[in-house]
Every structure is written in structure tokens, then in C-alpha cells.
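Open the model in your viewer and keep the selection tool at hand. The stops below can be taken in order.

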Amino acid sequence: MVRLPLSPAEVERGERLGALLRRARGERSVLATALEARVSPETLRKIESGRVATPAFPTIAAIAQVLDLSLDAVWAEMSGSAHDDASRDVGHDARARRVS
């Protein structure tokens, strides 16, 4: 099976997703987050770094659940439709979780 190269838009979407997950993870370790989401730490690292720009939906759903992210927030970040608002909200939510 031949895999076509990703488009620039797909690469950018993957980078936005990775940045969102890193911000939401905050100070939690990659290992703890990955194990709780039942994905390999290497998979999470690749998604966060943008090396896996188009991860499977169940993988993203599991990680989002562990990080208390709504799939709406993930989609908004990936689509770029609410990029600035979602970024601010995730940073605020992550700080609130650390404080409480």
C-alpha cells in the first residue's frame, strides 16, 4: 500500500493538535498520560510533535478524555476555526486543574 504525502494543511492541523495536547497535558508526564489513555508513550510523543499528523479518532478520543478536553475543543483547534479561543481556554483549564 502506497501512502500519499500529507498536504501542507494536514501537516499544519497535526501541529496544532500536538500543541493543544502538550498544553493540556501541562506538567503531567507523557508516560502517565499515555498509560492512562491506553496508548503507547511513543504514539503520544509522535502526535504531540506532529510526526503523526493524522492519528486515529479512537486514539485522539482516549487522550482527550484523559486530559479533560472536549472533542469540540480538539476539533476547533484542528480546524483552526477557533484557534485563539481554544488556546486560551486550554491554558486556563490546565492551570485550574493544577490549582484544584
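The tour of this predicted model goes to a pocket and then to several salt bridges.

**Stop 1: the largest pocket**

Select E10, R13, A53, T54, P55, A56, F57, I60, L71, V74, W75 and M78, which line the largest pocket. The volume of this pocket is about 180 Å³. Two or more lining residues come from each of α1 (8-25), α4 (57-66) and α5 (71-79). Which element gives the most to the lining? That is α5, with four residues. Colour the selection by residue class: nine of the lining residues are nonpolar, one is polar and two are charged.

**Stop 2: R23 and E77**

Clear the selection and move on to the salt bridges, of which the model has six. Side chains of opposite charge can pair when their charged atoms come close. Show the side chains of R23 and E77, which form a salt bridge with an N to O distance of 3.2 Å. R23 belongs to helix α1 and E77 to helix α5, so this pair ties together parts that are 54 residues apart in sequence. Is each partner buried or exposed? R23 has 29% relative accessibility and counts as partly exposed. E77, at 0%, counts as buried.

**Stop 3: R25 and E48**

Stay on helix α1 and select R25, then add E48 from helix α3 (residues 41-49). Their side chains meet in a salt bridge, 2.8 Å from N to O. Because R25 is in α1 and E48 in α3, the pair ties together parts 23 residues apart in sequence. R25 is buried, at a relative accessible area of 14%. E48 is buried too, at 5%. The cut-off for buried is under 20% relative accessible area.

**Stop 4: E42, R45 and R51**

Keep helix α3 in view and select E42 and R45, which are three residues apart in this helix and so separated by about one helical turn. Add R51 to the selection: E42, R45 and R51 are joined into one network by salt bridges that share partners. For the bridge between E42 and R45, the closest N and O atoms are 3.6 Å apart. How accessible are these two residues, and what do they count as? E42 is partly exposed, with a relative accessible area of 34%, and R45 is partly exposed at 38%.

Conventions:
Residues are numbered from 1 along each chain as its sequence is written. This is a predicted model: local features need pLDDT of at least 70, side-chain atom pairs count only at pLDDT 80 or more; totals for chains, interfaces and linings use all residues. Side-chain values use heavy atoms; hydrogens and water are left out. On a 1 Å grid over the protein atoms alone, a cavity is a set of points where a 1.4 Å probe fits but cannot get out, and a pocket is an open set with protein on both sides within 12 Å along at least five of seven lines; lining residues have an atom within 4 Å of a point. Grid points are joined across faces, edges and corners, and a volume is the space filled by probe spheres set on the points. Ala, Val, Leu, Ile, Met, Phe, Trp, Tyr, Cys and Pro count as nonpolar, Asp, Glu, Lys and Arg as charged, and the others, Gly among them, as polar. A salt bridge is a side-chain nitrogen of Lys or Arg within 4 Å of a carboxyl oxygen of Asp or Glu. Buried means under 20% relative accessible area, exposed over 50%, partly exposed in between (1.4 Å probe, protein chains only).
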